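Biologist: Please put the model up, and then we can go through it by question and answer.

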Amino acid sequence: MKKIIGTLRAVLGGPAVFLFLLSVRIALAGLDKYSELVVADSPEAKRRPEAVRVTYLGVNGYQFEANGRALLVDPYFTRAGLTAVALQQRIEPNEARIAFGLQHIRPSADAVLVTHAHFDHLLDVPEIMRRTNARLVSGATAVNLTMSCGLPRTDCLIVQPGSIRVIGPWRIRAFPAAHDRILGWVPFRGTKTQSGTCPEKASDWRLGEPMA
Ligand SMILES: [Zn+2]
């Protein structure tokens with residue numbers, strides 16, 4: 001994430017201001033002890049449209065805004081239950097939760113950047129692309145899974161580590177990354193080399209090609 005922010009700083013020039021939004025929900029979500037990490041917009045920042053504004057969306061989700069444009073990273077609102085994941089039950093995007101989440105961010109986005117293709121990063125992305133007209137920027141596995149859920153290839157850009165893409169005002173650089181291990185194990189490894197049917201179980205959302 002630091003590298004992404006660094007890239008944005010380079011694109012927009014000057015001492016960009018990075019701001020996390022203060023959400024009243026934090027107080028209700030048992031996150032009081034983290035309140036010192038949250039900074040609200042200052043009146044000065046509101047007078048600077050070129051400033052980059054960062055909104056944390058939960059899990060690994062972020063919205064970046066500048067000059068009235070938006071970029072999304074790993075937006076995931078559904079919160080699939082642990083039981084369904086562990087027991088390999090069907091999981092699917094929760095449209096009500098997605099609609100609620102999108103109410104709090106810009107109605108359209110230039111792109112959705114997805115760091116890898118696990119369900120907690122990609123499950124909601126096809127629906128969010130439909131609702132925000134955003135293009136997907138990610139590895140081949142995430143693109144193939146997204147196409148499997150009905151999105152056209154023309155709405156997807158496959159990137160590899162080192163790739164640089166310019167979309168609207170954004171200059172996006174992909175960096176190599178490694179997935180965290182959970183008890184020494186990376187879950188749902190594997191790639192998807194072509195599109196097929198839309199995934200049903202958590203394990204259908206294969207890791208793919210992690211990038212940052
Ligand atoms: Zn993951």
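Modeller: One cut-off is needed at the start: buried means under 20% relative accessible area, exposed means over 50%, and partly exposed lies in between. The model is predicted.

Biologist: Is Asp74 buried or exposed, and what is its relative accessible area?
Modeller: Asp74 is found in the loop between E4 and H4. The limit for buried is under 20%. Asp74 is therefore buried, and its relative accessible area is 0%.

Biologist: What is the phi of Asp74?
Modeller: Most residues other than glycine have a negative phi. Asp74 is a residue other than glycine with a positive value, and its phi is near 45°.

Biologist: Which residue in the segment after E9 has a positive phi although it is not a glycine?
Modeller: The residue is buried, with a relative accessible area of 16%. Its phi is about 50°. It is found in the segment after E9, and it is Phe188.

Biologist: Where is Thr78, and is it buried or exposed?
Modeller: Thr78 is placed in the loop between strand E4 (69–73) and helix H4 (82–86). Its relative accessible area is 7%, so Thr78 is buried.

Biologist: Which side chain makes a polar contact with the side chain of Thr78?
Modeller: Leaving out residues up to four places away in sequence, Thr78 touches Glu92, Pro93, Asn94, Arg97, Ile98, Leu123 and Asp124. For Asn94, the side chain of Thr78 reaches the backbone nitrogen at 2.8 Å. The side-chain to side-chain polar contact, at 2.5 Å, is with Asp124.

Biologist: Which residues are the protein donors of the zinc ion?
Modeller: The donors follow the spacing H-x1-H-x60-H along the chain. The donor atoms, lying 2.1 Å from the zinc ion, are NE2 of His116, ND1 of His118 and NE2 of His179.

Biologist: How many residues apart in sequence are the parts that His116 and His179 tie together?
Modeller: His116 lies in the loop between strand E5 (111–113) and helix H6 (119–122), while His179 lies in the segment after E9. The pair therefore ties together parts whose separation in sequence is 63 residues.

Biologist: What is the relative accessible area of His116, and which side chains join it in polar contacts of 3.3 Å?
Modeller: His116 is buried, with a relative accessible area of 8%. Leaving out residues up to four places away in sequence, it touches His121, His179, Leu207 and Pro210. The side chains in polar contact with that of His116 at 3.3 Å include His118 and His121.

Biologist: Which cysteines form the disulfide, and what is its handedness?
Modeller: A search of the whole structure finds one disulfide. It joins Cys149 to Cys198, with an S to S distance of 2.0 Å. The torsion about the S-S bond of Cys149 and Cys198 is about 85°, so the disulfide is right-handed.

Biologist: Where do Cys149 and Cys198 lie, and how many residues apart are they?
Modeller: The disulfide joins Cys149 and Cys198. Cys149 is in the loop between helix H8 (140–148) and strand E7 (156–158), and Cys198 is in the segment after E9; the pair links distant parts of the chain, with a separation of 49 residues.

Biologist: Is Cys198 buried, exposed or partly exposed?
Modeller: Its partner Cys149 counts as buried at 13% relative accessibility. Cys198 has a relative accessible area of 34%, so it is partly exposed.

Biologist: How many residues of H8 are buried?
Modeller: The buried residues are Thr141, Ala142, Val143, Asn144, Leu145, Thr146 and Ser148. What covers them includes H6, helix H7 (125–132), strand E6 (135–138) and E7. H8 is mostly covered, and the count is seven of nine.

Biologist: Which side chains of strand E9 are buried?
Modeller: In a regular strand the side chains alternate between the two faces of the sheet. Along E9 (residues 170–173), Arg171 and Arg173 point to one face and are not buried; those that point to the other face and are buried are Trp170 and Ile172.

Biologist: Which residue stands opposite Arg173, and which glycine is in the turn between E8 and E9?
Modeller: Strand E8 (residues 164–167) pairs with E9 in the antiparallel sense over four bridges. Opposite Arg173 in E9 stands Ile164. The two strands form a hairpin with two residues between them, and the glycine in the turn, with a positive phi of about 55°, is Gly168.

Notes. Residues are numbered from 1 along each chain as its sequence is written. This is a predicted model: local features need pLDDT of at least 70, side-chain atom pairs count only at pLDDT 80 or more; totals for chains, interfaces and linings use all residues. Side-chain values use heavy atoms; hydrogens and water are left out. Buried means under 20% relative accessible area, exposed over 50%, partly exposed in between (1.4 Å probe, protein chains only). A polar contact is a pair of N or O atoms within 3.5 Å; within protein, one must be able to donate a hydrogen and the other to accept it, and residues adjacent in sequence count only if both atoms are side-chain atoms. Contact means heavy atoms within 4.5 Å. Two strands pair if DSSP finds at least two bridges between them. Donors are N, O and S atoms within 2.8 Å of the metal (3.2 Å for Na, K and Ca); water is not among the atoms, so sites may look incomplete. A disulfide is a pair of cysteine sulfur atoms within 2.5 Å.
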